[in-house]
Amino acid sequence: MPWKPGEHLLFVIDRDPTVYVTSYRGDDIAEVRRSIERALPGAAGRECTDGGRGDV
């Protein structure tokens, strides 16, 4: 279903450039946001050493 003008959306972009961008809307946004916020403490202090390219 196409997005509506003014609709709130959440896009999740994987560091792997071959993975599709995932979009969320409506009630799904809050659930996905909570999941991301729960994961943030685990990322504290980590550095992006590959410039965001996803190189391993």
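**Exercise 1.** State in what order the elements of the protein run from the N terminus on.

Solution. In this predicted model, the tally is one helix and two strands. Read from the N terminus on, the elements follow the order β-β-α.

**Exercise 2.** Compare the reach of helix α1 with the expected span.

Solution. Helix α1 covers residues 27-43, which gives 17 residues. The expected span takes 1.5 Å times one less than the number of residues, and for α1 this comes to 24 Å. From first C-alpha to last, α1 reaches 26 Å, close to that expectation. Just after α1, G45 has a positive phi of about 85 degrees.

**Exercise 3.** Decide whether W3 counts as buried, partly exposed or exposed, and find the surface patch that W3 helps to make.

Solution. First locate the residue: W3 sits in the segment before β1 (9-12). Next take the relative accessibility of W3, which is 47%. Buried means under 20% and exposed means over 50%, with partly exposed in between. W3 therefore counts as partly exposed. Finally, W3 joins F11, I13 and V21 in a nonpolar surface patch of about 440 Å².

**Exercise 4.** Describe burial, exposed area and contacts for the whole protein.

Solution. Start with burial: of the 56 residues in the protein, 7% are buried. Then take the surface: the protein exposes about 5,200 Å², and carbon and sulfur atoms supply 55% of that area. Last come the contacts between residues at least 6 apart in sequence: 22% of them join residues at least 24 apart.

Conventions
Residues are numbered from 1 along each chain as its sequence is written. This is a predicted model: local features need pLDDT of at least 70, side-chain atom pairs count only at pLDDT 80 or more; totals for chains, interfaces and linings use all residues. Side-chain values use heavy atoms; hydrogens and water are left out. Helices (H or I, at least four residues) and strands (E, at least two) are DSSP runs, numbered from the N terminus. Patches are made of residues with over 30% relative accessible area and no salt bridge: like charges are joined within 9 Å, nonpolar side chains (Val, Leu, Ile, Met, Phe, Trp, Tyr) within 5 Å. Accessible areas come from the Shrake-Rupley method with a 1.4 Å probe; for residues, only the protein chains shown count as cover. A salt bridge is a side-chain nitrogen of Lys or Arg within 4 Å of a carboxyl oxygen of Asp or Glu. Buried means under 20% relative accessible area, exposed over 50%, partly exposed in between (1.4 Å probe, protein chains only). Contact means heavy atoms within 4.5 Å.
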